[in-house]
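Reader: I'm new to this structure and would love a close look at a single part of it. Could you walk me through the salt bridges and what surrounds them?

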Amino acid sequence: MSDTTSPDDRPVLELLARMTADSVESSSLDAETLVLVRVAALVAVDAAPVSYALNLKVGSLVGLDVESLRGVLTAIAPIVGTAKVAAATGNIVRALAAEVALEELEIAELEDEYEDEDDDADR
């Protein structure tokens with residue numbers, strides 16, 4: 001199984017995104033703390049990049065900043081080990097890179113649609 005997703009994976013990803021949102025709404029923790037705890041748990045279980053992407057997306061919505069994320073990784077390193085933190089950092093980078101690539105693809109598709117509409121209007 002690879003770290004990439006196909007269109008067939010979207011229902012699963014959407015379900016996971018809803019579960020994450022429900023967790024944020026249902027927890028007694030404030031939203032930022034909840035996301036930080038979830039990131040710590042992801043590190044502990046060697047989570048895949050997509051798991052980080054889902055949680056960091058929620059994190060961005062609740063105002064999570066890079067310093068807080070670094071703080072969690074630093075705090076848990078003595079417990080989970082530096083190798084897990086290093087692997088998690090790599091997975092976070094992969095998740096963020098995938099998000100950027102998806103945004104660029106969406107922008108390119110929108111630009112193509114716009115150009116096609118322009119070409120049709122010119123005819």
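Author: Let's begin in helix α4, which covers residues 66-80. E67 and R70 sit 3 residues apart there, so about one helical turn separates them. In this predicted model, the two side chains form a salt bridge, and their closest N and O atoms are 2.5 Å apart. How accessible is each partner? E67 counts as exposed, because its relative accessibility is 54% and the cut-off for exposed is over 50%. R70, with a relative accessible area of 47%, is partly exposed.

That pair has company, as the structure holds 2 salt bridges. The other pairing joins D46 to K84, with 3.8 Å between the closest N and O atoms. Here the partners come from distant parts of the chain, 38 residues apart: D46 belongs to the loop between α2 and α3, while K84 is in helix α5, residues 82-122. K84 is partly exposed, at 26% relative accessible area.

Now stay with that loop for a moment. A47 also lies between α2 (31-44) and α3 (49-61). Is A47 buried or exposed? A47 is buried, because its relative accessible area is 8% and buried means under 20%. Setting aside neighbours within four places in sequence, A47 is in contact with L42, Y52 and N91. There is a link across the sequence to notice as well: A47 and I92 are 45 residues apart along the chain, yet their C-alpha atoms are 9.8 Å apart in space.

Note on methods
Residues numbered from 1 in each chain as written. Predicted model: local features only at pLDDT ≥ 70, side-chain atom pairs only at ≥ 80, totals over all residues. Heavy atoms only, no water. Helix = DSSP H or I, 4+ residues; strand = E, 2+ residues; numbered from the N terminus. Buried < 20%, exposed > 50% of the residue type's maximum accessible area, 1.4 Å probe, protein only. Contact = heavy atoms within 4.5 Å. Salt bridge = Lys/Arg side-chain N within 4 Å of Asp/Glu carboxyl O.
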